[in-house]
Amino acid sequence: MGTEATGPRPAVQELERRIADIQERVNLLAAESDSLRRDDDAFSPAGQMVWKDINVRWKAVNNEYEEALALYETEIDRPPHDHPLVSFLNTVGVEGWNTWRRQESIYLELSGVYLTGSYKGIDLSGADLTGAKLHLADLTGADLREAKLMGANLRRAKLTGANLAGANLSGADFHDADLRDADLTRVSATPSDFTRANLTGAALVSAELIGASFRDADLTATDLTEANFCTADMDNAVMRRAAAPRVDFTGANLSGVCLADAVLRGGSLALARLVDMDLSGADISGCRVYGSTVWKTRLTGTMQQDLVITPADEESALTVDNIDVAQFMYLLLNNERLRDVIDTVTSKVVLILGRFSADRKPVLDSLRTELRRHDYLPVLFDFAQPSRRDSTETVSVLAHLARFIVADLTDPSSVPHELATIIPQCIVPVRPLLAGSNFPDLSDSSPNAAYGMFIDLQRRYHWVLPILHYENQDTLLATLDSSVIRPAEDKARELDLPR
């Protein structure tokens with residue numbers, strides 16, 4: 001009986017030399033980076049170009065190092081003798097193996113085996129590959145239907161176009177794997193790790209992916225119909241143009257995810273984290289969004305009709321047509337303290353509009369002080385800057401929250417066209433004020449367009465009250481209750497009455 005060699009295998013020695021060479025290149029790059037950092041021109045345009053070149057080389061050498069290290073660890077851990085079936089495979093090749101499989105219907109027990117070479121198109125359907133070492137293997141077009149891959153290592157494996165339909169992938173590691181156009185229909189991968197994997201064009205129809213990690217993965221143009229991603233970590237994944245009707249993202253982390261132009265119609269985003277993600281052009285109509293967290297989400301062109309804001313176990317469903325509104329509406333319906341705050345705001349806020357120059361600032365201060373004494377919350381909007389679109393939107397929001405509006409017309413330029421746009425859309429009492437003893441002509445023929453505008457608004461909209469003329473600050477404050485507050489409150493109560 002011959003003795004076994006005790007020295008390192010040739011493959012191990014070659015990999016050790018390769019890793020030593022890579023480490024030497026790393027040292028040279030580190031020295032180059034340090035030298036550039038000390039250079040006075042490090043941040044000049046020319047220096048920036050050098051930095052970019054160094055970064056590109058860093059990434060390349062890092063990838064090469066990771067690949068060599070993975071191969072080295074495989075060779076170190078590899079048992080001295082291959083599994084008998086692996087030896088047979090390596091002898092007859094993939095074509096011979098597939099022919100044998102067609103002739104011999106046997107159960108393949110390959111748990112824990114090492115398959116790290118090229119096995120394109122191999123038939124491993126139904127095989128037990130539990131804990132198998134398949135990292136860096138080329139399994140392009142392989143048949144892995146119904147295979148057991150629990151806990152298998154498939155890091156950086158090439159599975160382009162592979163068929164894994166119905167396979168059990170629970171606990172498998174697909175870090176950086178290439179799964180483009182692969183078929184993962186009905187797979188069970190709860191949980192598995194697909195970090196940085198490329199799944200472009202893959203099919204994950206009805207896949208069970210509860211708790212799986214897809215951080216930084218590429219799922220562009222995937223078919224995710226009825227896939228279950230409950231509590232999955234999708235951080236920064238790209239899912240552009242994904243077809244995902246009735247997909248379940250309940251409790252998932254979708255922070256930074258790009259779902260632009262994707263279709264999620266009828267799916268679930270309940271309790272999901274939707275932070276800094278892109279839903280531009282996506283269709284999320286009919287999705288359940290109960291309990292989701294939405295911040296800085298891009299919604300340009302997003303279809304979002306009939307969003308369900310109630311839990312799945314409630315008999316009656318409440319729907320809205322905007323995900324931002326959905327979040328607010330649910331809080332409003334289920335938070336009594338928030339409702340009390342809103343009721344207080346809408347019954348106490350008085351919006352004061354105008355342009356208040358330095359000589360009129362005392363009038364403003366006294367008006368606000370007097371309104372506070374009457375238990376109101378005065379909010380000032382000063383048209384001191386040129387009108388902008390966002391100022392119109394701001395005034396509109398404030399106006400809808402107000403009990404009534406006080407508009408100062410003393411400076412004609414303080415009645416911009418924004419207010420004329422807002423009044424028809426916001427049914428809130430408006431009390432115009434005009435200071436001075438010499439009152440301008442407010443007839444239809446008046447050349448003062450601003451005053452004439454208010455006369456026209458008053459005729460068209462009954463919640464615009466007549467202009468109150470006052471001579472000075474003292475007379476305004478003396479009659480504030482009778483001339484401003486009471487008429488505005490009377491009109492507000494009239495508007496509150498059912499029609």
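# Worked exercises on a predicted model

The chain folds into eleven helices and nine strands. The model is predicted.

## Exercise 1: The chain overall

Task: find what share of the chain is buried, and describe its accessible surface.

Solution.
- Step 1. The chain has 499 residues, and buried ones make up 44% of them.
- Step 2. The accessible surface comes to about 25,100 Å². Carbon and sulfur atoms hold 51% of that surface.
- Step 3. Now take contacts between residues at least 6 apart in sequence: 32% of them join residues at least 24 apart.

## Exercise 2: Strand 7 and its partners

Task: determine how strand 7 is covered and which strands pair with it.

Solution.
- Step 1. Strand 7 spans residues 404-408, and five of its five residues are buried.
- Step 2. Sort the side chains by face. In a regular strand, side chains alternate between the two faces of the sheet.
- Step 3. On one side of strand 7 sit Phe 404, Val 406 and Asp 408; on the other sit Ile 405 and Ala 407. Both faces are covered.
- Step 4. Look for the partners. Strand 5 (residues 349-354) pairs with strand 7 in the parallel sense, over four bridges. Leu 353 has Ala 407 as its bridge partner there.
- Step 5. Strand 8 (residues 430-435) also runs parallel to strand 7, and four bridges join the two. Here Ile 405 is bridged to Val 430.

## Exercise 3: Helix 6

Task: compare the reach of helix 6 with its expected span, then list its buried residues.

Solution.
- Step 1. Helix 6 covers residues 361-373, which makes 13 residues.
- Step 2. From first C-alpha to last, helix 6 reaches 19 Å. That is close to the 18 Å expected at 1.5 Å a residue.
- Step 3. The buried residues of helix 6 are Val 363, Leu 364, Ser 366, Leu 367, Arg 368, Glu 370 and Leu 371.
- Step 4. Check what follows the helix. Just after helix 6, Asp 375 has a positive phi of about 70°.

## Exercise 4: Two serines in loops

Task: is Ser 213 buried or exposed, and what does Ser 213 contact? Repeat for Ser 292.

Solution.
- Step 1. Place Ser 213. It lies in the loop between helix 3 (84-103) and strand 1 (273-275).
- Step 2. Ser 213 has a relative accessible area of 14%, so it counts as buried, the cut-off being under 20%.
- Step 3. Setting aside neighbours within four places in sequence, Ser 213 contacts Ser 192, Asp 193, Phe 194, Thr 195 and Asp 233. With Thr 195, the side chains share a polar contact of 3.2 Å.
- Step 4. Add a distance. Thr 190 is 23 residues from Ser 213 along the chain, and their C-alpha atoms are separated by 9.6 Å.
- Step 5. Place Ser 292. It is in the loop between strand 1 and strand 2 (293-295).
- Step 6. Ser 292 has 8% relative accessibility, so it is buried.
- Step 7. The Ser 292 side chain reaches the backbone oxygen of Val 289 at 2.9 Å. Beyond four places in sequence, Ser 292 touches Leu 269, Leu 271, Ala 272, Leu 274 and Gln 327.

## Exercise 5: Cysteines

Task: how many disulfides does the structure hold? Then classify Cys 230 and Cys 258.

Solution.
- Step 1. A disulfide is a covalent bond between the sulfur atoms of two cysteines.
- Step 2. The structure holds zero disulfides.
- Step 3. Cys 230 has a relative accessible area of 16%, so it is buried.
- Step 4. Cys 258 has 12% relative accessibility, so it also counts as buried.

Definitions and conventions:
Residues numbered from 1 in each chain as written. Predicted model: local features only at pLDDT ≥ 70, side-chain atom pairs only at ≥ 80, totals over all residues. Heavy atoms only, no water. Expected span 1.5 Å × (residues − 1). Buried < 20%, exposed > 50% of the residue type's maximum accessible area, 1.4 Å probe, protein only. Contact = heavy atoms within 4.5 Å. Polar contact = N/O pair within 3.5 Å; in protein donor to acceptor, adjacent residues only side chain to side chain. Pairing = 2+ DSSP bridges. Areas by Shrake-Rupley, 256 points an atom, 1.4 Å probe, with all protein chains shown as cover. Disulfide = S-S within 2.5 Å.
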